[in-house]
Amino acid sequence: MDWIPTVSEWHGPMFLRIVDALAADIASGRLVRGQRLPTHRALASALDIDLTTVTRAYGEARRRGLLDARVGQGTFVSETTTRAASDLPAPVNIDLSMNLPPQPVEANLDLRIAQGLATIRSEAGFSVYLGYTRPGGTTEEREAGAAWLAPRVPQASADRIVIYPGSQAIIFNALLALTSPGDVVVTEALTFPGIKAAAARLDVRLVGVAMDAEGARPDALDEACRKHKPKAVYLVPTQQNPTTATMSAIRRRAIADIISKRGCVLIEDDVYGPLEPQAAPIATLIPERTYYAASIAKCIAPALRVAYLLAPDASAEQRMRAGMQATMQMPPSLMVALVTQWLRSGVAADIIRAIRNEAAARQQLATRFLKGVTYAARPASHHLWMPLPKHFDGTDLLSHLMRNGLAVVGEDAFAAGEAAPRGLRVSLGAARNRAELSQALQVLSNAVRTPVGATQIV
């Protein structure tokens, strides 16, 4: 027998102790995805317990997404902890429209959330986090955020950090602080839908600039800044959403020089930065002009709602904190405490590493299924961008994919202006597992290799 759980380290009913030991052994690497577990009877005999207790434990582990049962083969460690979606609109079977990080079993978020909350409860209790707290986070929480950012942004310091409930809140409050109705903000020709929504709500006009394989083109950005005199420039320099374009160090320097020359302010959205940590943010070049946003949404999980703004100076930090207090009062204290505990203990780094590895494996799947198809991607990005050939009608293609049970997103969701490139964003991380992703990629490959019109009879 390859695996016997150490149940003495856990508390509660025996079946839950087996599940907790299983989860811990997956997190530690003692058990790996696809590994076969002992039969119910063999484990019951090894632990000298009732067969029904093991059956109950395995059932609970399957419910948590830790195990898969294969008829006639046995019980195996699962690939992912993501459960089957129950609210997909018909006729969608696989939804790759939302850009989510995958949940590989190695990340083991269920266990780590439970352990992190248990640590918080033992050290301070939950009631400490159920009242009002300082807008933007406590000193200790901001110090943990600064330490996390420091390898990427050495200038990061706690006195310039404001903690928000997600990057969307940072974007909205940055626009609120920097712009007035009718002002212009420059961004890429294809940009994050979140800033489009925030700009529309605040009556701010977005001007999209031409892009190439590295993102916003310096000449186009310079001309837009000269012509429109924007109150801010919003860019995603690393694994840009939706194109995955990532700026080289030379490009980042060119962009920084233009922003400085034109007297602009940069809102740098580095939400994908932890997936490509070697790419130094533009904020390292012009920290005095940059509102730098970092988040755990794409490297851990979006629903925890923890993001960090590094303001350019003390005055900007105070202004942003005051704006946050007026719009949302404070970040979710208990979730911030959990993420802070993860950052300090090294758990966050383990989770991010597992998610980055899974993202890389899914990109390798895309390479195999989309061989010969033109698309843009990064080795560890959660999405890919597929430019549409001229002979394809994007609306027809999206409808065709939907009829075949696959949902992706077209360029309209990202377009900032009328000259935006045409294409599809495919979110690989949204698939529940690699088998589901393989199925989706096969549908996508078949669709783009055959013009939609050729398959229709009218």
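**A seven-stranded open sheet**

Tutor: Let's begin with the sheet: seven strands, ordered β4-β12-β11-β10-β9-β5-β6, make an open sheet with mixed pairing. Strands are DSSP runs of E with at least two residues, numbered from the N terminus, and two of them pair if DSSP finds at least two bridges between them. This is a predicted model, where local features need pLDDT of at least 70, side-chain atom pairs count only at pLDDT 80 or more, and totals for chains, interfaces and linings use all residues. Residues are numbered from 1 along each chain as its sequence is written, and side-chain values use heavy atoms, leaving out hydrogens and water.

Student: Which strands stand at the edges of the sheet?

Tutor: Look for strands with a single partner, so that one side is left without a neighbour in the sheet. The two that fit are β4 (161-164) and β6 (205-209).

Student: Which residue in β12 stands opposite Ile163?

Tutor: Good one! β4 and β12 (residues 307-310) pair in the antiparallel sense over four bridges. Opposite Ile163 in β12 stands Tyr308.

Student: How many residues of β11 are buried?

Tutor: Buried means under 20% relative accessible area with a 1.4 Å probe, protein chains only (exposed is over 50%, partly exposed in between). Thr290, Tyr292 and Ala294 point one way from β11, while Tyr291, Ala293 and Ser295 point the other way, and all are buried. Strand β11 (residues 290-295) is therefore largely enclosed by the rest of the structure, its buried count being six of the six.

Student: And which residue in β11 is the bridge partner of Ile267?

Tutor: Strand β10 (residues 266-269) pairs with β11 in the parallel sense, over four bridges. The partner of Ile267 there is Tyr291.
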